[in-house]
Amino acid sequence: MSDVLPITKIPRHGLPPRAVVVGDPDRARAVAEMLDDAVLVGQNREYRSYTGTWKGVPVVVSSHGVGGPGALCQFGELAEAGVRTFLRLGTAGSLADGIIDGDLVIAEAAVRDDGVTQQLIHPEYPAFATPEAVVALSRAAPEAHRGVVWTRAAFSPLVLTLPMADYLAARVIAIEMELSTLLVFAALRGLRAGGVLVIDGDARPEHPDPSAYDPHRDVVAEGVARATRVALDAVVELEGAE
């Protein structure tokens with residue numbers, strides 16, 4: 001048997017028990033550059049994984065690409081390699097007044113429109129963040145918005161009419177593409193999971209021009225830098241919670 005796992009090419013055993021997971025491999029590299037003693041431990045396709053320490057606490061930083069199915073492959077192999085706490089650091093579109101570009105959102109739960117968890121467990125099963133992860137993230141970012149986010153598999157709608165109005169009325173505050181997959185996976189495995197998201201645009205119907213979407217602006221980059229420290233600080237707090 002190989003010493004590395006087949007999809008992510010990470011070591012089969014021995015990773016630190018806490019991970020910050022991101023979509024973009026370049027973001028994984030940028031987060032790793034903030035760690036002490038960072039080492040690349042696996043790279044394949046969209047998956048790039050590092051280990052290092054933050055304030056003396058060992059942590060994994062790993063990228064999962066875009067969308068729930070591929071991300072689920074990463075989560076499964078990280079868990080097999082020893083990860084027990086997952087914090088997702090990502091970006092999202094705003095669905096609420098007062099939540100603007102660069103703001104941070106801490107997810108308490110997620111709408112399961114991810115396209116994959118329906119094949120893991122009945123759709124009535126909730127996607128909920130672990131309470132201690134929400135608390136740790138909130139302490140690290142008291143200014144952040146908290147609420148339910150919508151995880152949707154399709155980045156842009158084509159033919160189908162999406163239930164946007166219903167979710168807006170239900171006070172769903174942001175939309176992204178992977179978090180509900182993580183939350184359901186973690187709950188089914190008895191693991192801890194949460195997420196902090198940076199707003200990179202307004203996704204409401206009155207702002208529907210996909211060509212205007214630009215996640216590479218300074219205000220978003222500043223939010224990602226802030227959220228990175230929030231996620232890493234929350235890892236430190238969760239270290240002390242065990």
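**Exercise 1. Determine how strand E5 is joined to strand E9, and how many bridges and which sense the pairing has.**

Step 1. Strand E9 covers residues 174–176, and 2 bridges join E5 to E9. Two strands count as paired if DSSP finds at least two bridges between them. Strands (E, at least two residues) and helices (H or I, at least four) are DSSP runs numbered from the N terminus.

Step 2. E5 and E9 run antiparallel.

Step 3. In this pairing, glycine 93 has isoleucine 175 in E9 as its bridge partner.

The model is predicted, so local features need pLDDT of at least 70 and side-chain atom pairs count only at pLDDT 80 or more, while totals for chains, interfaces and linings use all residues. Residues are numbered from 1 along each chain as its sequence is written, and side-chain values use heavy atoms, with hydrogens and water left out.

**Exercise 2. Find the pairings of E5 with E1 and with E10, and state whether E5 is enclosed or open.**

Step 1. Strand E1 (residues 18–22) pairs with E5 in the parallel sense over 4 bridges. Arginine 18 stands opposite threonine 85 in E5.

Step 2. Strand E10 (residues 192–202) also pairs with E5 in the parallel sense, over 9 bridges. Here threonine 91 stands opposite valine 198 in E10.

Step 3. E5 spans residues 85–94, and 9 of its 10 residues are buried, so the strand is largely enclosed by the rest of the structure. Buried means under 20% relative accessible area, exposed over 50%, and partly exposed in between (1.4 Å probe, protein chains only).

**Exercise 3. Place valine 224 in the fold and list what it touches.**

Step 1. Valine 224 lies in helix H6, residues 218–240.

Step 2. The relative accessibility of valine 224 is 12%, so the residue counts as buried.

Step 3. Not counting residues up to four places away in sequence, valine 224 touches Arg27, Thr91 and Val198. Contact means heavy atoms within 4.5 Å. Two of these names recur from Exercise 2, where threonine 91 stands opposite valine 198.

Step 4. Valine 224 and glutamate 108 are 116 residues apart in sequence, and their C-alpha atoms are 19 Å apart in space.

**Exercise 4. Describe the burial of helix H5 and the surroundings of serine 180.**

Step 1. H5 covers residues 179–189; 8 of its 11 residues are buried, so the helix is largely enclosed by the rest of the structure. The buried residues are Leu179, Ser180, Thr181, Leu182, Leu183, Val184, Phe185 and Ala186.

Step 2. Serine 180 lies in H5 and is buried, with a relative accessible area of 0%.

Step 3. Leaving aside neighbours within four places in sequence, serine 180 is in contact with Ala110, Val111, Arg112, Asp113, Asp114, Thr117, Ala127 and Thr151.

Step 4. Just after H5, glycine 190 takes a positive phi of about 70 degrees.

**Exercise 5. Locate the residues other than glycine for which a positive phi is given here, beginning with the hairpin of E2 and E3.**

Step 1. Strand E2 (residues 36–44) and strand E3 (residues 47–54) pair in the antiparallel sense over 6 bridges. The bridge partner of glutamine 43 is arginine 48 in E3.

Step 2. The hairpin has 2 residues between the strands, and arginine 45 takes a positive phi near 50 degrees.

Step 3. Lysine 55 sits in the loop between E3 and strand E4 (57–63). Its phi is near 55 degrees, and lysine 55 is exposed, with a relative accessible area of 57%.

Step 4. Lysine 9 belongs to the segment before E1. Lysine 9 has a positive phi of about 60 degrees although it is not a glycine, and at 35% relative accessibility it counts as partly exposed.

**Exercise 6. Summarise the whole protein: its elements, its compactness and its burial.**

Step 1. The protein has 6 helices and 10 strands.

Step 2. The radius of gyration (over C-alpha atoms) is 17 Å, close to the 18 Å that the globule rule gives for 242 residues, so the protein is as compact as a globular protein of that length. The rule is 2.2 Å times the number of residues to the power 0.38.

Step 3. Of the 242 residues, 52% count as buried.

Step 4. Among contacts between residues at least 6 apart in sequence, 76% join residues at least 24 apart.
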